[in-house]
Amino acid sequence: MARLAGLAMFDPNGDQVGRVRDAVARPRTGNLPPRVVGLISEIPMRRRIFVPIGRVTAIEADAVVLNTGTLNLRRFERRPGELLVLEDLLDRRVTVVDSGRPATVVDIAMEADRVGEWSVTRVAVREFTGRLARRGHLRQLDWSEVHGLLDEPDSQGTAGLLAVLDNLRAADLANVLQDLNETRRFEVAAALDDERLADVLEELPEQDQVEIIASLEPERAADVLEEMDPDDAADLLAELPKPEQEVLLDLMEPDEADKVSQLLDYSPGTAGSIMTSEPVIMSAGSTVAEALARIREPQLAPAVAAGVFVARPPIATPTGRYLGVVHFQRLLRELPSALLGGVVDNDIDPLEPATPLAEITRRMATYNLVCMPVVDSFDRLVGAVTVDDVLDHLLPPHWRDRDATAGAPAAAAPSAAPPGAPSTAPSAAPSSTATDGAGRG
């Protein structure tokens, strides 16, 4: 079942309606294997919905196919006693009945009976050998041959779940973390490497960011903050009490801490408070070819790579005298050997650190820009405001919080239908099958 995670889900017409994230099962009495009642699918706008297992007609190596395009788009809510197979069982500490040895669950298998009902029947576990130099033996066992699968775990590993989530974008992984219970969320966050956790934190609501940072050791928290973009790190630290800010800034590398401290000094809602202090900056003597190579670096966000800012040395912010910007489209039109100093665009006044958000928005919209320079009173480039920075601050404060937007309408890919045929497009209203508030019959 770990292979199901991330598979595309299609309706009968071949239109994708989402991706599988987990399976929902209901435990049964008498040590019978749990019955699988449906799959959790993530649809556009990062909403997770419930898809009854009866609507699944095929589970293939690269896709799950449904027998209908009409889905209930109410957000999935777990009922008491329900089991999320991947979230709850992967990495669970259990005991193998025949040997009495402890083991860890590495995968789960489900299969259908003669009447088409699916159950969790097999469990793949890795036994502990007690020897540090050897990996445990991997075994496939029936559900009844493993003890402790449904017990409340004292602790749960993260290796299996992280392997399932490994290919997710940072925003999607942040979405998954919000659905985990608090203990599991902290376990998974602690197991991520610093760079990956930094990327995920940037996609989480402020409250979740603060809770995760607070759950880490201060030294680890400082390392993660160093991996974040300075403006995002500053936004996170701004949510913490002043004493905690100072502790974390002291633990950070001095040059990284200085960048963040400078951003914290600007008034909220101004260009200085939302800008990135690490835009692409080059000297006037650099060539177009060098600039194109620089913006091709994969770690650059698209909005940051949209323009190359030209300044006199020093190149790091705050720079020497600001000269202008060369947008990437201009770079594509110029000879590779041309110097940036000869192709800069400086006919639009740069922003000042105190420029308010409303003015930033008006000017970026007026000139159709995705990034703008921020220049101080000494004509030095101190940073750049990008369109994603502006959107982050224009949207409602809790726009990243799934609970705050759970009632918002969502759209899934409509099914193609011939003219005049009844629509099979997913609807926010319940489908023709009787459903309850969780979208389940």
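**Exercise 1.** Determine which residue takes a positive phi in the hairpin of β1 and β2.

*Solution.* Step 1: the hairpin has five residues between the strands, and glycine 14 takes a positive phi near 85 degrees. Strands here are DSSP runs (E, at least two residues) and helices are H or I runs of at least four, numbered from the N terminus. The model is predicted: local features need pLDDT of at least 70, side-chain atom pairs count only at pLDDT 80 or more, and totals for chains, interfaces and linings use all residues. Residues are numbered from 1 along each chain as its sequence is written, and side-chain values use heavy atoms, with hydrogens and water left out.

Step 2: β1 (residues 8-10) pairs with β2 in the antiparallel sense over three bridges; pairing requires that DSSP finds at least two bridges between two strands. Methionine 9 stands opposite glycine 18 in β2.

**Exercise 2.** Identify the other pairings of β2 with β3 and β7, and state how covered β2 is.

*Solution.* Step 1: seven antiparallel bridges link β2 to β3 (residues 35-43), where isoleucine 40 is the bridge partner of aspartate 22.

Step 2: β7 (residues 83-84) runs antiparallel to β2 and is joined to it by two bridges; leucine 83 in β7 is the bridge partner of alanine 25.

Step 3: β2 (residues 16-26) is mostly covered, with eight of its eleven residues buried, that is, under 20% relative accessible area (1.4 Å probe, protein chains only).

Notes: Buried < 20%, exposed > 50% of the residue type's maximum accessible area, 1.4 Å probe, protein only.
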